[in-house]
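Here is a walk through one model, written for someone who has it open on screen. Keep the sequence at hand as you read.

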Amino acid sequence: MNRRRTPNNFTYVSSCVKYMIFLLNFAFWLFGGVLIGIGTYAFLDKWRDGTGQVDWHGLIKLETIYDIVLNISLILIIAGSVVFIVSFAGCVGALRENTCLLKFYSLFLLIFFLLEMAVAIMGFVFPHTMQSMLEESFTDKIIHTYRDDADLQNLIDFAQREFHCCGLSSEGYMDWSKNEYFNCSSPSVEQCGVPFSCCINDTDITSGLVNFMCGHKVQQLSINIDNRALGLYAGELKHGCE
């Protein structure tokens, strides 16, 4: 019997599908590289001294898991690296029809999908447990490190201003009493206060400058006073960015 000879350029994969996967993963590959670049720049810039040189002593502080989770620049580097590697495997695997790289790519996509499904199911089945766990695990740590990490501080200020809230839990603005700078027993000039991002009008109309002390001594005011009378965000005094 005569066997039909297979052309050298024969493929079992549609060219349309192959190049669509290639272009999609190429875009994610570039995105991953951008995340790595931004994260690396922010990570090094945060540790520059007055002369512009990077202080390599104590550059990485990884005593607990929170030091990784709450380090935004480090999270960008890790997330960018994962996206960069996985999308590179999908990009080259699709272009070269390399089964090894495509299996690696498919395995990671499956892992990501299962993790997302697990988190979604847990959040749907145990909403109150998940909320209380996140509050207990992260709220106090975020509040405590507000002044220690410039990137985290900027993120919290952005969130409080954009979502019109003050504090990270149901305790609202009183969350800031847990911070060593805003605590009423602190010798700091910010004692019994809240961050400027809690204020409705944090900018001086005449000068156009941000009033960083607009939340001064707010924690000492009566709890029955409305937030807007205090110059704070939210409808009731006890609500935060939940």
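## Disulfides and their surroundings

A disulfide joins C166 to C198, with an S to S distance of 2.0 Å. Bear in mind throughout that this is a predicted model. The torsion about the S-S bond of C166 and C198 comes out at about 80 degrees, so this disulfide is right-handed. Both C166 and C198 sit in the loop between α6 and α7, so the pair ties together parts that are 32 residues apart in sequence. As for exposure, C166 is buried and C198 is too.

How many disulfides does the structure hold? The count is 2, and the other bond to look at is between C184 and C192, whose sulfur atoms are 1.9 Å apart. Its two ends are not alike in exposure: C184 has a relative accessible area of 40%, which makes C184 partly exposed, while C192, at 1%, counts as buried because the cut-off for buried is under 20%.

Two further cysteines are worth a glance. C91 is buried, with a relative accessible area of 7%, whereas C100 is exposed at 56%.

Here are the cysteines with a computed accessibility, side by side.

| Cysteine | Relative accessible area | Class |
|---|---|---|
| C91 | 7% | buried |
| C100 | 56% | exposed |
| C184 | 40% | partly exposed |
| C192 | 1% | buried |

## The core and the aromatic pairs

C166 turns up again in the largest nonpolar core, which has 14 residues. Which of them touch the most other members? They are I142, I156, C166, W176 and V194. The elements that give two or more residues to this core are α5 and α6.

W176 also leads us to the rings. A search of the whole structure finds 9 aromatic pairs. In one of them, Y146 and W176 meet edge-to-face, 4.9 Å centre to centre and with 70 degrees between the planes. This pair links distant parts of the chain: Y146 is in the loop between α5 (127-144) and α6 (150-162), and W176 is in the loop between α6 and α7 (227-230), 30 residues apart. Both Y146 and W176 are buried.

Y146 has another ring partner, F182. Their centres are 6.1 Å apart and their planes stand at 50 degrees, so this pair is tilted. Y146 lies in the loop between α5 and α6 and F182 in the loop between α6 and α7, so the pair ties together parts 36 residues apart in sequence. Again, both Y146 and F182 are buried.

Elsewhere, F22, F26, W29, F84 and F88 form one aromatic cluster.

## Helices and annotated spans

UniProt, in an unreviewed entry, places the feature "transmembrane region" at residues 21-44, 64-92 and 104-126. In the model, residues 21-44 are 100% helix and 0% strand, with end C-alpha atoms 34 Å apart. Residues 104-126 are 96% helix and 0% strand, and their end C-alpha atoms lie 33 Å apart.

Now take helix α3, residues 72-96. At 1.5 Å a residue, its 25 residues should span 36 Å, and its end C-alpha atoms are 36 Å apart, which agrees. Buried residues in α3 include S73, L74, I77, G80, V86, S87 and C91. What do the buried residues of α3 pack against? The answer is α1 (15-45), α2 (66-69), α4 (99-125) and α6.

F138 lies in helix α5 and is partly exposed, with a relative accessible area of 25%. Leaving aside its neighbours within four places in sequence, F138 is in contact with Y66, V69 and L70. The C-alpha atoms of F138 and L70 are separated by 8.8 Å, though the two residues are 68 residues apart along the chain.

## Positive phi

Two residues deserve a look for their backbone. E97 follows α3 and has a positive phi, near 55 degrees; E97 is a residue other than glycine. E97 is found in the loop between α3 and α4 and is partly exposed, with a relative accessible area of 30%.

H164 also has a positive phi, near 50 degrees, in a residue other than glycine. H164 is found in the loop between α6 and α7. At 47% relative accessibility, H164 counts as partly exposed.

Note on methods
Residues numbered from 1 in each chain as written. Predicted model: local features only at pLDDT ≥ 70, side-chain atom pairs only at ≥ 80, totals over all residues. Heavy atoms only, no water. Phe/Tyr/Trp six-rings, centres within 6.5 Å; stacked < 30°, edge-to-face > 60°. Helix = DSSP H or I, 4+ residues; strand = E, 2+ residues; numbered from the N terminus. Buried < 20%, exposed > 50% of the residue type's maximum accessible area, 1.4 Å probe, protein only. UniProt positions renumbered as here; feature names shortened; annotations may be inferred. Contact = heavy atoms within 4.5 Å. Disulfide = S-S within 2.5 Å. Expected span 1.5 Å × (residues − 1). Core = buried A, V, L, I, M, F, W, Y, C linked by side-chain atoms within 4.5 Å.
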